[in-house]
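Grab a coffee and open your viewer. Here are a few exercises to work through by hand, each with its solution.

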Amino acid sequence: MSGTRFPYEPWTVTEDGFQAAFLRESESVFALGNGLIGMRGNLEELGATGAESIQGCYLNGVFDSEPIVYGESAYGYAKNHETICSVMDAKSLSLSADGEKLDLGLCDVAEHRRVLDMRAGLLRRSFVWNTKGGCTLRVETERLVSLTRQELAATRLRVRCEAGGCLLRVDSFLAPAVIAQGDPNDPRNAAGKDRSLRIGAIRAEGTLLRMRQLTKRTGFTINCAVEHRCAFSGEVSVTGERADWIAERALRAGDTLTLERSICYTATRDGEADRWDDAAAQARSAPAFDALCAEQRACLDAFWDRAGIDIEGDDALLQGLRFNLFHLFQSVGRDGRRNIAAKGLTGEGYEGHTFWDTEAYILPVFLYTEPTLARRLLEYRYATLPKARERARVMGHPRGALFPWRSIDGEECSAYFPAGTAQYHIDGDVAHAVWEYWQATGDLDFLARCGAEILVETARLYADLGFFSEEKGGRFVLNCVTGPDEYNVLVNNNVYTNRVAEENFRSAAAALELLSARCPDEYARLSRELALDAGEPRQWLEAAERMYYPPARNGVIPQDDGFLDRKPWPLASIPKENHPLLMHYHGLVIYRHMVCKQADLILALTQYGERYTLEEKKRNFAFYDSVTTHDSSLSMAVFSILANEIGELSTAYEYFMSSARLDLDDMHRNTKDGLHMANMAGTFNCVTRGFGGMRVRDGVLSFAPVCPPQWRGYAFRVRFRARSIEVRVRPDGVSYALLGGEPITILSFGKEIELK
Ligand code: BGC
């Protein structure tokens, strides 16, 4: 698909004309959310004849589960499958004029346009409908999911009769979601799971429609209330599983009908108090649509002020970047109990599961723009520690915690352990994020309450997993794990995993030392609760010191012990249509070849750059570039960052180009299942860490920016230790400005600069 489907605009994404063939993709692109509620960008009238659609309304963290059925089960396999629910639909309505029902596939509709406004936080749609009865209607709809009121969304409909006349019927309804059928051949897609919800209650009273749904196995109660505001009165009714508010009105040229709906969703679990009446009260007392728009705008103005990013001379990239940041902001959980799914709240790919994507890609975006949200993400992990401890026991570790590879509420849901549970780097990713958060914020309260405990439990896990191997000269090894690259599974000494484990050992020891010096009470509590043994930190530090890394051969660092012994599989010999490989070859075929799905060793070189020489980086970039398919969207941004570091500016730019508009241009051909959150975050990291050369070492912030020749300049803002810093880069130089906070010393190309 060409990049011109959406014209390049700095603050909006516009679809001109109804593009039926891409309806499912645009439903992901035009999705709205607020960290709790997610609504796909579905047409109000529930699709169009001849166009495939995926309907969806989600509540972050609300899922159902069912036992995983294995043909051949074995001890310790994940037991249950969690799937995000598509809850009742409150955003749809049907329109008819003199009995003719609006359907873009059948009706005479002109000037169809949809606009996602990233400053207003609104989805707008407009078109002209020439009815069979000779009436011309101008229809406008607006939709928002409130970024300031977690449980609220709202819509506005305006129908203006421009010529002729008709009897217009508006039917606003509340009904169970139309459940999308996943593709059974695509493992990335939800398929074959029972995802329907039970109905607990339906009511229609005055101007209010209400519905309660219940999950079948997980004890969630979801309430939804929709309040209607319209100058014309409507009739309400309940039929079967749906509630309707219906208004009929004879329109003549010049007449306008306006309908505003306030929508409230609440979700509670198990013993929590029911919120049935609360949902109704919130919908009833919600501010009018214009007032909600004003709040929304103020919230986004503040967000863009903190996450300000600008590229001069490349509107396509700028639009891509802003689109990515906007969707991340819409999808991230805000209460420490909800995380961010691989597809955010935009679709059902990966079934709403959270992966390492959060810590390794997404968290840095919030850490440097909205640190409170980064803390919330870490608090989510903290809240799931009990489950991670349980999982570690099942996996044979008497101490420590093992976070799930994929999950919604903390229980491991990965049915395919070689590319799932075996990814023990997840613990190190979480630990790395905790430590990076501490360095960038100095938030001692978090470290004392949650962070240190996570670090200790993950360090314990690695201490138990590994051992000092005689075979490897007494070095500490981590065997039979899978690194980030899912095309090489169950390997020994994956470099990335060993690096994150090494860092985890050191950061756990450092955190304890810090707490014992600065918060002795918290330290005493932690020691007691975790039954800390005074010798543990020493053991961790020894394992860190003696961590094993496979030696390079001819300068090439093997991604794991066996990587260079695998059979070469020159990428040029694989037909284009056989990508992604996972859809065309049995896993065993892939695993025995020297081929990578995604950045792995390259990620280690980027994240632990101080441990490698420039020569090593150059040599290994060239090698891994030649064996990586980038079948995962998590890959290219990392390659771009390292390419920058080694001075390959044009390669860095190309990789960045391919990731910045990945979803806008549907480059992976699965945008229909939802947007790729980790890649979206990766593009922000490309600007800050890649082109901007931003690093944080030992609590010091440094930059080494370069300007690609394609740009006249670029700028970005970061938050660091309660300061707001703006970096402006031009082909002939860089300038830094302290926009808020106390003076701070940073490094620019290794030279100290004091910002005042
Ligand atoms: C990637 C993983 C990633 C997952 C979810 C997979 O294709 O290989 O690294 O965590 O997608 O985004």
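The exercises below cover the ligand site, a histidine, an alanine and a helix, all in a predicted model.

**Exercise 1. Map the ligand's surroundings and pick out polar side-chain atoms close to its oxygens.**

Step 1: list the neighbours. The shell consists of Ala 342, Tyr 350, Phe 355, Trp 356, Asp 357, Trp 405, Glu 486, Lys 597, Gln 598, Ser 632 and Leu 634.

Step 2: sort them by class. You should get six nonpolar, two polar and three charged residues.

Step 3: check distances to ligand oxygens. Tyr 350 has a polar side-chain atom 2.9 Å from one, and Lys 597 also places a polar side-chain atom 2.9 Å from a ligand oxygen. For Glu 486, the distance from a polar side-chain atom to a ligand oxygen is 3.2 Å.

Step 4: look at the cover. On its own the ligand would expose 310 Å², and the protein buries 93% of that.

**Exercise 2. Decide whether His 397 is buried or exposed, and find its side-chain polar partners.**

Step 1: locate the residue. His 397 sits in the loop between helix 7 (385–394) and helix 8 (425–441).

Step 2: apply the cut-off. Buried means under 20% relative accessible area. His 397 has 6% relative accessibility, so it counts as buried.

Step 3: list contacts, skipping neighbours within four places in sequence. That leaves Ala 392, Tyr 424, Leu 461, Asp 464 and Leu 465.

Step 4: pull out the polar contacts between side chains. His 397 pairs with Tyr 424 at 2.9 Å and with Asp 464 at 2.8 Å.

**Exercise 3. Work out which residues Ala 247 touches beyond four places away in sequence.**

Step 1: find Ala 247 in strand 18 (residues 242–252).

Step 2: check its accessibility. At a relative accessible area of 2%, Ala 247 is buried.

Step 3: collect the contacts. Ala 247 touches Leu 168, Arg 169, Val 170, Ser 233 and Gly 234.

Step 4: compare sequence with space. Leu 95 is 152 residues from Ala 247 in sequence, yet their C-alpha atoms are 10.0 Å apart.

**Exercise 4. Identify buried residues in helix 11 and elements that cover them.**

Step 1: scan helix 11 (residues 520–529). Arg 525, Leu 526 and Ser 527 are buried there.

Step 2: see what lies over the buried residues of helix 11. The cover includes helix 9 (444–465) and helix 10 (495–518).

Step 3: read on past the helix. Ala 531 follows helix 11 and has a positive phi, near 45°.

Methods:
Residues numbered from 1 in each chain as written. Predicted model: local features only at pLDDT ≥ 70, side-chain atom pairs only at ≥ 80, totals over all residues. Heavy atoms only, no water. Near = heavy atom within 4 Å. Polar contact = N/O pair within 3.5 Å; in protein donor to acceptor, adjacent residues only side chain to side chain. Areas by Shrake-Rupley, 256 points an atom, 1.4 Å probe, with all protein chains shown as cover. Nonpolar A, V, L, I, M, F, W, Y, C, P; charged D, E, K, R; others polar. Helix = DSSP H or I, 4+ residues; strand = E, 2+ residues; numbered from the N terminus. Buried < 20%, exposed > 50% of the residue type's maximum accessible area, 1.4 Å probe, protein only. Contact = heavy atoms within 4.5 Å.
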